[in-house]
Amino acid sequence: MIYKGVYHLFYQYYPKPYWNTRIIWGHSTSTDLINWTPQPTALTPSTPYDINGCWSGSATILPGDKPVMLYTGINTDFYQVQNMAFPKDPSDPYLKEWVKAVQNPIMTGTPGSIINASEFRDPTTAWVLPDGKWRVIVGTEDNKRGLAILFTSEDFVTWTEAKRPFHSAEGTGVWECPDFFPVYVGKSVGADTSVTGSDVKHVLKVSLFDTEYEYYTIGTYDTEKDIYKPDKGSIENNLGLRYDYGKFYASKSFFDNSTNRRITWGWVNESSTEADDMKKGWSGVQAIPRTIVLDKSGKQLVLWPVKEVETLRENQVDFPPQLLGRKSKVTIPKVLATQADVEVSFKITGFKKAEELDPTWTNPQILCSQKGARVKGGLGPFGLLTLASDNLREYTAVFFRIFKATDKYVVLMCSDQSRSSLNPTTDKLSFGTFVDVDPAKDEISLRVLIDHSIVESFGADGKSCITARVYPTLAIGDKANLYAFNHGTEDVKITKLNAWSMKKARINPTDDNGREFDNRLEHEQDF
């Protein structure tokens, strides 16, 4: 959230380098979303309603500029209940101390309810309608039916469960970290959570516990019935629309009223083993914050790194337009390959060699795993080889392939981690998605943010995003390289290629004794 001009990131973490249920809330602040200063712990298990862990939640700014936090606690019976906390000193822009409400818990699973009290968590930011009632949804499940349960309140203290679910979907399991917010139609600005009207659509995002993937739908909020209806044709499972088709989970968004942006954060979970995480002393990291707007088609969202990340750019390298010949590789020099921001656009001039799209190829992740960067094609694979060693024994490839369907060309975007590391214990999954772009009419753009073990990729100006978590053993430091490549048999034209080395953000400053503040196992974030 943003409060008195200061951004606040609340996140779950284990204060000692081992996992247990008693997770607590860390807290950091920033004035630019890039450089962060740690603050005192915000919430710690201390009472019967949260003694076994302070889990995820969300912030709401009440009238009079009063912040309040709703969060999930694990009680003495290991049931999940919803609680509330307030800042001890609202005049403090850094909100260093938080006080739990005496009324806690304020939402529980009641007898006869469909709420599964063992899987009932992660309240959203609340919104208010003209009737003066506040609303919030909480995730749960009932016999593998994912549920968003609506609660209403007139005073933000006494909450009543609605008679019917806000929304549900069969076979999706537990819904974690739900997020519900409006997006403007035809405007590239964010909307406050309480905005309704004919000029907005609504988004419901849920994180699926069973698969650790997220999906979202775009639809209509029926304010009379207090239910959400996805648009016709929505896919409500982990093959549906996603913010990010890679390692990106438990995301939460907030409305930045200082810039009229909706911004989301996502947790980049690990590809390393638990044993390796123990050696590192940390696990998990936050992705670069991203803005969210509705695409002009009205059928999907567009996510893009916040503009503030560009303040880290230095030593720009510009490539003139050039042909990327078949089976070729071009070095992108003078860029710090382990910390870089790259923007490249490709133009396709001939489609004769485009592969036929088999109608059974409906799962892009499986397709990317079968047709990785080493598998030659007609139009593609072409893109970038990131974190590449000199001999290409290691690299993480981000690329496109173009297929010919019955009446159109289909663009596949892949993030191939199969050769990302010689460490045999790391997860080397490949990720992929089909991109909504017509290569016969439009150029295909790709932006990649590289930060040592993180590769965040944005295709078609943010219509498709894939985040990779990789741990190379050779392609580290000055031994890492960055290439543009084309392993297809058809030439591709690079119309634009700009690259920057990236400075370090101020994330883990030291205290007066020189100790770093990152000695913990981080998990997901809360706003």
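Q: What is the handedness of the disulfide of C368 and C414?
A: In this predicted model, C368 and C414 form a disulfide. The torsion about their S-S bond is about -80°. The sign of this torsion decides the matter, so the disulfide is left-handed.

Q: How far apart are the sulfur atoms of C368 and C414?
A: A pair of cysteine sulfur atoms counts as a disulfide when the two lie within 2.5 Å. C368 and C414 form such a disulfide, and the distance between their sulfur atoms is 2.0 Å.

Q: Which parts of the chain does the pair link?
A: The two cysteines are 46 residues apart, and the pair links distant parts of the chain. C368 lies in helix α2, residues 364-370. C414 lies in strand β30, residues 409-416. The parts linked are therefore helix α2 and strand β30.

Q: Is C414 buried or exposed?
A: A residue is buried when its relative accessible area is under 20%. The value for C414 is 0%, and its partner C368 has 1% and is buried. C414 is therefore buried.

Q: Why is C177 too far from C54 for a bond?
A: A disulfide needs sulfur atoms within 2.5 Å. The closest cysteine sulfur to that of C177 is in C54. C177 is itself buried, with a relative accessible area of 1%. The bond is ruled out because the distance between the sulfurs of C177 and C54 is 15 Å.

Q: Which cysteine has the sulfur nearest to C465?
A: C465 is buried, with a relative accessible area of 0%. C465 is in no disulfide, and the nearest cysteine sulfur, 15 Å away, is that of C368.

Definitions and conventions: Residues numbered from 1 in each chain as written. Predicted model: local features only at pLDDT ≥ 70, side-chain atom pairs only at ≥ 80, totals over all residues. Heavy atoms only, no water. Helix = DSSP H or I, 4+ residues; strand = E, 2+ residues; numbered from the N terminus. Buried < 20%, exposed > 50% of the residue type's maximum accessible area, 1.4 Å probe, protein only.
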